[in-house]
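This report describes the two largest pockets of one protein model. Please examine the structure shown here before reading on.

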Amino acid sequence: MISFEAIRQRAEERKGGAAALQAMLENHQPHHDRLRTISDDRILADMTRRIFYSGFVHKMIDAKWAGFEAAFSGFDPAMLNIAPDDYWHDLTSDERIIRNGAKIMSVRANAAFVRELAREHGSAGAFFADWPREDQIGLLDMLSKRGSRLGGMTGQYFLRGIGRDSFVATMDVLACLRSAGVPLSASGTAKKDQQLIQQAFNEWAEETGLSFIHLSRISAYSIDAGEPH
């Protein structure tokens, strides 16, 4: 695998120089110090936003988000855990939200999931803060198995959204990894691929001292096929 310095130089060339690249990174920082303080309702809210983003125009979800907050009772996991079946049935015809039955029911399942994390670790935020950075793949696997509709890219963007230092394996990032000599499969999503991706980011982090967020974005900028990062 090539040194990350070569990838950074390529990103600088594509983005107009070192200063221009650094400016693009400044607004994208991990917020690990704040992660532990995020309340369980905000963790559930971000899970829900990411789930509804999938398959829908993000601006549509954002425009209706106040309605989501009201319809889902502020995403209070304790309240949602005892909400009766009628509550959830009524949401499927609630015009304040996107009326997708499967995604609505994922909120019910994830409210229970967040409550479980809080009981086990004091809060869901504390759980996500304490999980080892060098095992993001293990955390994503846990989200996929214990959460609802939190697999794949949804889980990755959720972790990024709550401020955890994490990479997002976009097509650009996968292309960068392949160009760096990481032997990924055509899909880049197999279990072995995930282990190789984690290993690469761990090595690059040790080499550079950079956050996973910055490593991920620089990797994407070095390819830059116009994909959101």
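In the lining of the second largest pocket, α12 gives the most, with 5 residues. Helices are DSSP runs (H or I, at least four residues), numbered from the N terminus. The model is predicted, so that local features need pLDDT of at least 70 and side-chain atom pairs pLDDT 80 or more, while totals for linings use all residues. Residues are numbered from 1 along each chain, and side-chain values use heavy atoms, without hydrogens and water.

A pocket is an open set of points on a 1 Å grid over the protein atoms alone, where a 1.4 Å probe fits, with protein on both sides within 12 Å along at least five of seven lines; lining residues have an atom within 4 Å of a point. A volume is the space filled by probe spheres set on the points, which are joined across faces, edges and corners.

Both α4 (40–53) and α12 supply at least two residues of the second lining. Nearest the centre of this pocket lie R50, Y53, H58, M153 and Y157.

The largest pocket has L140, G152, Q156, T189 and Q194 nearest its centre. Two or more lining residues come from each of α11 (136–146), α12 (152–161), α13 (171–179) and α14 (191–208). The largest share, 6 residues, belongs to α11.

In the table, Ala, Val, Leu, Ile, Met, Phe, Trp, Tyr, Cys and Pro count as nonpolar, Asp, Glu, Lys and Arg as charged, and the others, Gly among them, as polar.

| Pocket | Volume | Lining | Classes of lining residues |
|---|---|---|---|
| Largest pocket | about 470 Å³ | 23 residues | 8 nonpolar, 11 polar, 4 charged residues |
| Second largest pocket | about 270 Å³ | 10 residues | 4 nonpolar, 4 polar, 2 charged residues |
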